[in-house]
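Student: Before we begin, may I see the model that we are to discuss? I should like each term to be tied to its criterion.

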Amino acid sequence: LPSNNQPTNPPVPLFSREAGSPVILSRTLSVPTLTNDPMVAQQESAAVVPNATIPPLEDENLLDNPDTLNAYKEASKAVNAALCSLIQQCVPDALVLRLCESGDRMMMQNLEHIELIKGIAFPTSLSINNCICHFSPISGDPESASTKLQKGDVVKIEMGAHVNWYPALVGFTVIVGATCQDPATATAADV
């Protein structure tokens, strides 16, 4: 026992990837005890997550499986093509709602040729200036649906698609109206 006569619990690893190992919920387990009896404290700390185990990794989910790798590649091709097109559409006076709808539509069009399960893994969002992330307006909200881009806005684009449940997500920052002839200045140029 430590000098204050309080029982301590040994550090417990966060988790193990080995099949059948117990699932631990924290990097170190510190179970508050209501007693000074070390035997009771040990019994309390033993009840971490009873009967919970990590399932074994399936070989089919590893990247050396060509089907898994191809699913990731197809999803990333679809997302990157949609992103390139969406960047070109980020111009002054563009409605953010229409841009988000366009990004989702382009991802799905780019996945049409694939016969596997496919879809949107992360809906298109355009976060403007001080909006940190995930601004994806809905048509039912007049205030957010009428949001337009303005020259000089710093826009963070995030979107993602999946093929056979294997996702590809992308993020990109663009400054509206900035070109080689008319580059961004001031704080926006520091991004």
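Tutor: A crossing is left-handed if the near helix is turned anticlockwise from the far one by less than a right angle, and right-handed if clockwise. This is a predicted model, in which local features need pLDDT of at least 70, side-chain atom pairs count only at pLDDT 80 or more, and totals for chains, interfaces and linings use all residues. Residues are numbered from 1 along each chain as its sequence is written, and side-chain values use heavy atoms, with hydrogens and water left out.

Student: What is the hand of the crossing of α2 and α3?

Tutor: The crossing of α2 and α3 is right-handed. Helices here are DSSP runs of H or I with at least four residues, strands are runs of E with at least two, and both are numbered from the N terminus. The axes of α2 (residues 66-89) and α3 (residues 96-111) come within 8 Å and cross at roughly 145°. Axes are lines fitted to C-alpha atoms, for helices over the stretch in contact, and angles run from 0 to 180 degrees between N-to-C directions.

Student: Which residues of α2 meet α3?

Tutor: Contact means heavy atoms within 4.5 Å. Glu74, Ala78, Val79, Ala81, Ala82, Ser85, Leu86 and Gln89 in α2 meet residues of α3, including Leu99, Met106 and Leu111.

Student: Why are β2 and β3 called a pair?

Tutor: Two strands pair if DSSP finds at least two bridges between them. Strand β2 (residues 154-163) and strand β3 (residues 166-175) have 10 bridges, in the antiparallel sense, so they satisfy that criterion. Lys156, for example, stands opposite Thr173 in β3. The two strands form a hairpin with 2 residues between them, and Asn164 in the turn has a positive phi of about 55°.

Student: What makes β1 and β3 edge strands?

Tutor: Each of them pairs on one side only. The open sheet has 3 strands in the order β1-β2-β3, with antiparallel pairing. Across this sheet, α2 runs at about 25° to β3, while α3 lies across β1 and β2.

Student: What qualifies a set of residues as a nonpolar core?

Tutor: The set must consist of buried Ala, Val, Leu, Ile, Met, Phe, Trp, Tyr and Cys residues joined through side-chain atoms within 4.5 Å. Buried means under 20% relative accessible area, exposed over 50% and partly exposed in between, with a 1.4 Å probe and protein chains only. The largest such core has 30 residues, and Leu149 is among those with the most contacts inside it. Helix α2 gives the most to this core, with 8 residues.
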